[in-house]
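Fancy a few exercises on reading a helical fold from its coordinates? Have a go at each task before you peek at the solution.

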Amino acid sequence: MQSAASTEGQFKRTMKARHLVMLSLGGVIGTGLFFNTGYIISTTGALGTLLAYLIGALVVYLVMLCLGELAVAMPETGAFHVYAARYLGPATGYTVAWLYWLTWTVALGSSLTAAGFCMQYWFPQSPVWLWCLIFCLTIFLLNIVTSRFFAESEFWFSLIKVITILAFIVLGGCAMFGLIPMKDGTPAPFLHNLTASGWLPNGTLPILMTMVAVNFAFSGTELIGIAAGETENPEKVVPIAIRTTVIRLMLFFIGTVFVLAALIPMEQAGVVKSPFVLVFERIGVPYAADIFNFVILTAILSAANSGLYAAGRMLWSLANQGTLPVYFSRINARGIPINALTFSMLGGVLALLTSVIAPDTVFVALSAISGFAVVAVWLSICAAHYAFRRRYLRSGQPIEGLKYRAPGYPLTPIVGFALCLLACIGLAFDPEQRIALYCGLPFVAICYLAYYLTRRAGQKKLLNTGEEHVG
């Protein structure tokens, strides 16, 4: 079946190394870091949050090593489900594609909700859903111009975020040690808040419970694999992007979480107001809270921008392989999968639920569902890498034939898989996030069922067509 993609347009290889690195950072430095960190601090305490993020960084590193080898060997747009279909079975590939679509479509909803929280800082009486609607349209327009325009806008969005994180670590560190005074005249906290409630006030279980929230904060690194098919010279660019992204993430996340945990007492953390804004309301720097609220708003919209990009490409990839109707595979003359992007805006509609349900409840639920979906995708990346390398070696090809090799095989994919599985199990122990299992597991089952039903229908149609030709 010839897809409309081949007749109307094609994806352009217009992304450079700087675009790829910043696209990945843009996807990661967003809602999870700016809002979820408050939830994690309130649940696990300061030290527990640091431990959770360190484990999360290890998981991301292992998954990225696996993805790096796969993406360099097979650079494709919509990469994950292609790898899963090839090495784990077509039904799993189909399910992984839908899970990743769910990750970003639902993340779009949580990002828009968080953006509404930011606007309420300046307009306390305004409803969150109104801002969700406004930003929904803005993000859509940014995505439908050209992929180069998208990549360039994301580059500058992400650059603002990186500068902001660095400024926060420096200014927050200065306030922590008394170099910048606190607005209310209280003495510098130093490291007091890290142990004020005890080393692990609620024990070690909350660390396991919040692992998916941490992984949600790190989700986006895998965008490198998605964008490999639109990147110039992927065999050189992808490994560089992976290495620099993981190093920067560890510096940014661990540094940021350390400063946040030191400046905000556990009992005052939450999700309705970003912990970053909370910190700068207390520091005696004029207009700092307003400036940071604006930057956080930019950062969240940037993450939503990346999310819609990823969701649209995943739908296009499914349709391009004949698993979904050809309608979703259409690419316009500018190289944009317009129909797939339009359908993926469903996540924005989920954000409008804030008018019916409490916004903070909607936010935690959406974050958990998105986190579950991305961890399930990471599971598939580790499993696909393990199967890929085994098959490659069994075929008798030399290991030197792989232009990028994940170090530590087979431990790298095995440990990565085990930690991702543990994070999913942790959801069962958290009442606020358990909804992710209630939604996620049936979603996986429906995807497998849908694949087998559509495949059977497709085979029957093919058989009938053959019989007509014979007749």
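Below are four exercises, each with a worked solution.

This is a predicted model, in which local features need pLDDT of at least 70, side-chain atom pairs count only at pLDDT 80 or more, and totals for chains, interfaces and linings use all residues. Residues are numbered from 1 along each chain as its sequence is written, and side-chain values use heavy atoms, with hydrogens and water left out.

**Exercise 1.** Work out how many helices and strands the chain has.

Solution. Take DSSP runs: H or I of at least four residues for a helix, E of at least two for a strand, numbered from the N terminus. That gives 19 helices and zero strands. Next, check burial, meaning under 20% relative accessible area with a 1.4 Å probe, protein chains only. Of the 471 residues, 59% are buried.

**Exercise 2.** Find out where F34 sits and what it touches.

Solution. Start with the element: F34 belongs to helix α3, residues 31-73. Its relative accessible area is 0%, so F34 counts as buried. Now list contacts (heavy atoms within 4.5 Å). Skipping neighbours within four places in sequence, F34 touches I29, K161, I165, S274, P275, F276, I296 and A299. Finally, try a C-alpha distance: V277 is 243 residues away in sequence but 9.2 Å away in space.

Two of these names lead on to helix α13 (residues 275-282): P275 and F276 are among its buried residues, along with V277, L278, V279 and F280. Six of its eight residues are buried, so α13 is largely enclosed by the rest of the structure.

**Exercise 3.** Decide how α10 and α17 are oriented to each other.

Solution. Fit lines to the C-alpha atoms over the stretch in contact, with angles from 0 to 180 degrees between N-to-C directions. The axes of α10 (residues 211-218) and α17 come within 8 Å and cross at roughly 80°. Since 65 to 115 degrees counts as roughly perpendicular, that is therefore the label for this pair. On the α10 side, the residues are V212, N215, F216 and F218, and they meet α17 residues including S367, F372 and W378.

**Exercise 4.** Say which helix gives the most to the lining of the second largest pocket.

Solution. A pocket is an open set of points on a 1 Å grid over the protein atoms alone, where a 1.4 Å probe fits, with protein on both sides within 12 Å along at least five of seven lines; lining residues have an atom within 4 Å of a point. Here 16 residues line the pocket, with L99, A376, L379, S380 and V444 nearest its centre. The elements giving two or more residues are α5 (90-122), α17 (359-394), α18 (411-426) and α19 (435-470). The top contributor is α17, with five residues.

Key
Buried < 20%, exposed > 50% of the residue type's maximum accessible area, 1.4 Å probe, protein only. Parallel < 35°, antiparallel > 145°, perpendicular 65-115°, else oblique.
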